[in-house]
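Trainee: I am new to this structure. Could we go through it step by step?

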Amino acid sequence: MLNSMFGNREYLFDHAPAFMSIVEGVNNLDDMVARFPKLSLVDQQLLGKPTAPMLIIGGVLDTQVPISDIYLILSSGDVPKEAWINPQGGHLGRQVKVWPDPVIFRQVIIPYLVRKLDAGSTEATK
C-alpha cells in the first residue's frame, strides 16, 4: 500500500496527503495504514451484493487500481457489467496522447450513457 501511495507517478498531486484528506478519521500516515484495509469491498462484504448496472473503466498499467481488482469486481455479483479496459492505459484507462480524459469521455462514457438511457426509454414504452 505505501509503495502505491508514495511511488505513484500517475497521480497529479501528492497521493498520500490527498487520499488522507478524503478518508474519514485519518490525520496522519499511521492512521492511513490502519484505515486503508477497512476500505476494501471484500472486507466490507459488499462484493456479490446487488448493484446497479455499471461501466468499469480501467487500464492494465494502472498503478492505483490493480487490474486484478477490476477483474474481481467484474466477476462478482449477479448483475452483468460492462467494462472498457485499455491494455496500454494507466489509471482510468488514460494513455497520453491516445486516450486522454476528453476522448474517454466522448468515446466510452457518453455512448454507454446513451445506450443505458435509450434502453430505459424503450422499456418504458413496452
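Trainee: Is W84 buried or exposed?

Mentor: This is a predicted model, where local features need pLDDT of at least 70, side-chain atom pairs count only at pLDDT 80 or more, and totals for chains, interfaces and linings use all residues. Residues are numbered from 1 along each chain as its sequence is written, and side-chain values use heavy atoms, without hydrogens and water. Buried means under 20% relative accessible area, exposed over 50%, partly exposed in between (1.4 Å probe, protein chains only). W84 has a relative accessible area of 18%, so W84 is buried.

Trainee: Which residue forms an aromatic pair with W84?

Mentor: Rings of Phe, Tyr and Trp (its six-membered ring) pair if their centres lie within 6.5 Å; planes under 30 degrees apart count as stacked, over 60 as edge-to-face and the rest as tilted. The structure holds one such aromatic pair. Its centres are 4.8 Å apart and its planes meet at 65 degrees, hence edge-to-face. The partner of W84 is W99.

Trainee: Is L72 buried or partly exposed?

Mentor: The relative accessible area of L72 is 37%. That value is not under 20% and not over 50%, so L72 is partly exposed.

Trainee: Which residues does L72 contact, leaving aside its neighbours within four places in sequence?

Mentor: Contact means heavy atoms within 4.5 Å. L72 and V42 are 30 residues apart in sequence, and 9.6 Å apart in space, C-alpha to C-alpha. With those neighbours left aside, L72 is in contact with V42 and L47.
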